[in-house]
Amino acid sequence: MTTTGRRPTPAEPMPGDMPERRVEDEVLRELPPELGPNTVAIVEGNAFMFSEATGDVPRGSIGGLVFADTRFLDCWRLTLNGSPLLVLDSAPVEAYAAAFFLTNPDLPGLRGNSVGVRRERLVGQGMQESVILQCFSNKPASVQLRLEVGADFADILEIKETVTDRSEKIVRRHAPDGSLLAFDYQNGSFSATAEVRVEPAADRVEGDDLVWDIQLQPGEQWGCELTIPCFHGPVPDTYLTAREFQRVFDGNKDDPANRWRAAAPTLQADSQVLRDVFERSVDDLVALRIQTHLDGQRLDFPAAGLPWFLGMFGRDSLITAYQTICFGPRLTRGALRTLARHQGDEVDDFRDEEPGKIIHEVRTGELTQLGIKPYDPYYGTADATQLWLIVLSEYWRWTRDDELVWDLRDNVDAALRWIDEYGDRDGDGYVEYATRSPQGLGNQCWRDSWDGVQFADGSIPVLPIATCEIQGYTYDAKLRIAELADGGPLDDPALAQRLRVEAKELRTRFNRDFWIEDRGGYYAIGLDGDKRKIDSMTSNMGHLLWSGIVPEDRAKIVAMQLMSDEMFSGWGVRTVSTVDRGYNPIGYHMGTVWPHDNSLIAHGLACYGYRQEANRIITAMLDAARGSNFRLPEAFSGYDRSFSRTPIRYPTACDPQAWASGAPLLFLRTMLGFDARDGQLVLDPALPEGFGRILLAGTNAFGKRWDIAVSDGVMDIRPAH
């Protein structure tokens with residue numbers, strides 16, 4: 001057969017062109033430079049700080065202070081009398097704050113453990129850190145405290161790979177009195193400044209080091225505070241710190257993050273693991289929220305994940321918004337409005353933009369601002385547009401907010417036109433993708449790594465590709481918008497009728513063209529550019545249950561395949577069957593287990609009545625969370641559960657990641673059978689054995705807060721007090 005397209009990202013080697021792949025080769029290829037064991041990470045919105053357990057960031061690692069896609073500090077290293085400090089204890093105390101308890105080793109003239117050092121750190125629009133020394137010796141101690149500082153202004157897209165040397169364009173300056181050490185960088189229209197403001201001032205500045213000579217009497221304390229604001233563009237005359245140390249570390253209830261947390265629903269449950277995972281998920285989602293201002297309104301939307309994806313993403317933010325809608329509408333409303341503002345309005349090949357298309361991602365770093373990378377914004381996704389329509393519908397079902405839907409009606413029309421006019425590239429009735437950008441993503445479904453879509457024999461299909469779940473999303477989106485148009489806020493009966501006809505035709509056509517009778521029956525992951533069925537067996541078919549495009553007689557077959565030993569690892573559903581040639585338990589999209597993927601699969605199984613299978617996934621995922629301090633990471637390996645007592649982590653997984661943090665909330669909704677239908681709340685619980693009582697207090701629907709209780713077969717929904 002003559003191919004009509006090309007393979008994704010041709011610069012990459014293809015499986016058919018490669019020697020036998022080994023698992024260890026895949027791990028080594030992905031691992032970034034290490035910070036060392038017990039890395040401490042804190043995050044707030046689009047700022048994060050990675051450090052070693054001492055609080056230090058050595059040069060040449062992936063650590064440092066990153067704000068708005070630029071690394072402002074790549075070195076932050078504290079020494080006492082020329083020696084690194086020893087760790088007694090360190091950990092985050094909030095998602096955005098951490099504490100480090102250190103001491104000195106044996107040094108000439110200073111016995112070990114003579115000086116205790118406490119570092120307290122928090123991030124926001126920059127970073128603040130306090131350093132407190134206390135003398136525990138019975139005689140005076142003379143010590144030199146030195147803070148080595150470095151700023152490389154690396155773009156976040158470089159940090160895991162090769163960082164450009166910008167040293168010739170970085171200007172260093174410091175105040176003569178030691179109260180300021182600053183780094184200024186400019187390259188064309190891009191500029192950034194990192195300032196280290198010191199109180200009390202350092203005794204001197206030596207190169208890029210702040211140095212204090214300190215005399216401590218027995219029992220005496222000494223302290224300093226360091227403020228590191230981060231600026232793109234000109235430095236303002238004043239800088240207001242986001243928080244005060246003492247109020248944060250004393251548990252300030254008025255802190256914005258704490259106010260957000262207090263407004264979230266609370267969970268009481270007999271299952272301890274369910275409570276712990278729920279609490280961790282809510283905390284992480286609060287930390288990952290990004291605030292923006294649009295038309296005079298302050299909006300919140302979920303960033304995708306720490307560390308590499310702290311920004312606006314279409315697919316990730318929308319799925320997170322869906323997972324969390326019944327717990328509170330703020331993230332959902334913010335995602336809908338913010339993404340609508342960035343909806344495509346022209347054809348731009350470099351950015352893969354088309355009219356009506358919802359973005360894939362937005363970056364704000366140097367490479368993007370200078371036009372070297374296409375992320376301002378980048379539109380290389382074939383599913384975010386449909387997901388935006390689905391989430392708009394889901395938001396309306398839970399809020400009955402007619403005004404928002406009406407305000408976004410032009411965006412709805414543009415999204416529907418994109419599906420039919422640009423998404424369907426060849427007029428066959430399916431939404432396909434094929435990048436036009438020289439730096440675009442080859443795969444533009446959720447499995448967007450270069451080899452994320454394969455045939456069962458491991459070969460790579462040619463573009464354009466129509467993946468199965470994208471057709472399911474399209475089907476669901478058209479039915480949902482028909483609901484909004486038929487007596488709903490869009491009030492367009494003709495549109496509703498047309499969309500229902502198109503959805504019905506798509507369902508019939510899809511089930512004819514994507515179904516494979518071999519191996520017991522399953523759905524192909526997609527059709528390639530030659531309309532060949534891409535015959536690997538993948539978790540994507542679980543998304544088809546979520547969308548409702550699967551006929552009842554085939555739903556049982558799909559459920560059986562998903563729960564087979566080849567697909568279900570014991571911790572969750574793998575992204576690909578172990579029988580397929582491309583299977584790799586630590587391949588990013590080719591054998592790993594993704595919590596967000598499993599949350600949609602479990603929800604889809606439950607929608608078709610397969611509650612036991614859904615609960616099997618949910619309980620496995622909750623068990624998996626025990627091994628990672630009750631937080632589900634972006635992905636973990638597809639090794640069978642018998643391989644290890646806890647799941648083997650994927651080497652470079654985001655942690656936390658928004659749609660992984662949102663997964664337990666959708667798991668809870670799935671177990672409770674909790675839904676909003678026709679302006680009414682519906683509860684149809686099917687809890688796993690041994691889960692006992694559940695009380696979800698203060699959840700949100702229709703502009704009110706509700707308490708949901710399930711215990712011993714008795715269920716109750718009532719307005720919250």
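**Cysteines, a sheet and two cores**

Hi everyone, let's start with the cysteines: there are zero disulfides in this structure. Keep in mind that this is a predicted model. Why is Cys 224 without a bond? The closest cysteine sulfur belongs to Cys 75 and sits 16 Å away, which is too far for a bond. Cys 224 is also buried, at a relative accessible area of 4%. Then there's Cys 445, which takes part in no disulfide either, with 8.9 Å between its sulfur and the nearest cysteine sulfur, in Cys 468. Cys 445 counts as buried too, at 0% relative accessibility.

On to the sheet. Five strands make up an open, antiparallel sheet, and their order is E6-E5-E11-E16-E15. The edges are taken by E6 (83–84) and E15 (204–206); each has a single partner strand, so one side of each has no neighbour in the sheet. Further in, E11 (residues 141–150) and E16 (residues 209–216) share eight bridges in the antiparallel sense. If you want a spot to zoom in on, look at Arg 146, which faces Val 211 in E16.

Now for the nonpolar cores. As a reminder, nonpolar side chains in soluble globular proteins tend to be buried together. The largest core here has 155 residues, and among those with the most contacts inside it are Leu 274, Trp 388 and Ile 617. Which helix gives the most to this core? That's H9 (residues 384–399), with 10 residues. Leaving out residues up to four places away in sequence, Ile 617 touches Met 563, Phe 568, Val 573, Asn 598, Ile 601, Ala 602 and Leu 605. Finally, there's a second, separate core of 56 residues, including Val 40, Leu 78, Val 143 and Leu 226. Thanks, everyone!

Key. Residues are numbered from 1 along each chain as its sequence is written. This is a predicted model: local features need pLDDT of at least 70, side-chain atom pairs count only at pLDDT 80 or more; totals for chains, interfaces and linings use all residues. Side-chain values use heavy atoms; hydrogens and water are left out. Two strands pair if DSSP finds at least two bridges between them. Helices (H or I, at least four residues) and strands (E, at least two) are DSSP runs, numbered from the N terminus. A nonpolar core is a set of buried Ala, Val, Leu, Ile, Met, Phe, Trp, Tyr and Cys residues joined through side-chain atoms within 4.5 Å. Buried means under 20% relative accessible area, exposed over 50%, partly exposed in between (1.4 Å probe, protein chains only). Contact means heavy atoms within 4.5 Å. A disulfide is a pair of cysteine sulfur atoms within 2.5 Å.
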